[in-house]
Amino acid sequence: MNTAPDAAAGAAKRWREYPPLNLHPVLRHAMEAFNEHGYHGTSVRDIARRVGVTVPALYYHYENKQVLLVTLIETSIRDVLDRCRAAVAEAGDEPVARFSAMVECVVLYMTNRRGLAFLDTEIRSLEPENRARYIALRDYLEHMLLDAVEAGVAQGAFTTPIPADASRAVLTMCQSVATWYSPDGPLPPEAIAERYVLLCLSTVGHTGDRTLGPGPPAGAQRGRPRAVTGTRNAFR
């Protein structure tokens, strides 16, 4: 499934790197408004005011508010997919390595692109055709993870008797990071991703060694500026 232009896919090969988010000003302000007030609590007039343009000028770039949400939410899921493909390719054929790389990749995305990732909570606001298209992309991500889990079970590296449910639980747990992560917390995204790999290996019943490396040094970078309001980093 080809989900992004070649240029974006090429950039995703550096799947651990997160340069500043480059969005059209209308999209950036729409993302901030949706995160602060919700899709239904945000008006096109409010977005136009934030951008500093008239409502007709905003409509020149984007047909309506639904198009703004669709563009943002699909940009997010396609970026995650491209990064996960790159992570899996880098990990190779070994199931545990593939699974761990995907967990790390998703958690890094949820922390470094929280403003976009948080919009997954607005899938209920998508019109039926748009929702179906988005869910198909998200299901593709879940199937990638399931492939690694089933391969691990077949190899004897994972013991879960319910691979599909375990994969869904892992993905849900990783995606939920966007709802609570704050760069003001004590751990940077990389350390949180490391802990989630450990948690998720336990979820699928990994039979090998599971160790957690040392935490970040004092004064380590805490991540990027906060994109939306929310609870503080729970790892205290």
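**A chain built from helices**

Helix α9, which covers residues 163-175, packs against helix α11, residues 189-203, with the two axes 10 Å apart and at an angle of about 160°. Because angles over 145 degrees count as roughly antiparallel, α9 is roughly antiparallel to α11. The crossing of these two helices, α9 and α11, is right-handed. All of this is read from a predicted model. In general, a pair of packed helices is described by two quantities, the angle between the axes and the distance between them.

Where do these two helices sit in the whole chain? The chain contains 11 helices and 0 strands. Followed along the sequence, its pattern is α-α-α-α-α-α-α-α-α-α-α. The chain has 236 residues, and 48% of them are buried.

One position in helix α11 is valine 197. With a relative accessible area of 15%, valine 197 is buried, because the cut-off for buried is under 20%. Valine 197 can be paired with valine 170: the two are 27 residues apart in sequence, and their C-alpha atoms are 9.6 Å apart in space.

Glutamate 194 also lies in helix α11. Is glutamate 194 buried or partly exposed? Its relative accessibility is 32%, so glutamate 194 counts as partly exposed, a class that runs between the 20% and 50% cut-offs. Along the chain, glutamate 194 is 94 residues from serine 100, yet the C-alpha atoms of the two are separated by 9.0 Å.

Helix α6 spans residues 95-112. It has 18 residues and reaches 26 Å from its first C-alpha to its last, which is close to the 26 Å expected at 1.5 Å a residue. Of these 18 residues, 16 are buried, so α6 is largely enclosed by the rest of the structure. At the N-terminal end of α6, glutamate 94 acts as a cap: one of its side-chain oxygens lies 3.0 Å from the backbone nitrogen of valine 96.

Which way does α6 run relative to helix α8? Helix α8 covers residues 128-155, and its axis comes within 8 Å of the axis of α6, the two crossing at roughly 150°. The two helices, α6 and α8, are therefore roughly antiparallel to each other. The crossing of α6 and α8 is left-handed, whereas the crossing of α9 and α11 is right-handed.

Between α8 and α9 there is a loop, and alanine 157 lies in it. Alanine 157 has 11% relative accessibility, so it counts as buried. In sequence, alanine 157 and threonine 207 are 50 residues apart, but from C-alpha to C-alpha the distance is 5.5 Å.

One stretch of the chain carries an annotation from a record. An unreviewed UniProt entry places the feature "DNA-binding region" at residues 43-62. In the model, residues 43-62 are 75% helix and 0% strand. The C-alpha atoms at the two ends of this stretch, residues 43-62, are 14 Å apart.

Conventions
Residues numbered from 1 in each chain as written. Predicted model: local features only at pLDDT ≥ 70, side-chain atom pairs only at ≥ 80, totals over all residues. Heavy atoms only, no water. Helix = DSSP H or I, 4+ residues; strand = E, 2+ residues; numbered from the N terminus. Expected span 1.5 Å × (residues − 1). Buried < 20%, exposed > 50% of the residue type's maximum accessible area, 1.4 Å probe, protein only. Polar contact = N/O pair within 3.5 Å; in protein donor to acceptor, adjacent residues only side chain to side chain. UniProt positions renumbered as here; feature names shortened; annotations may be inferred. Axes fitted to C-alpha atoms, helices over the stretch in contact; angles between N-to-C directions. Parallel < 35°, antiparallel > 145°, perpendicular 65-115°, else oblique. Left-handed = near helix turned anticlockwise from the far one by under 90°.
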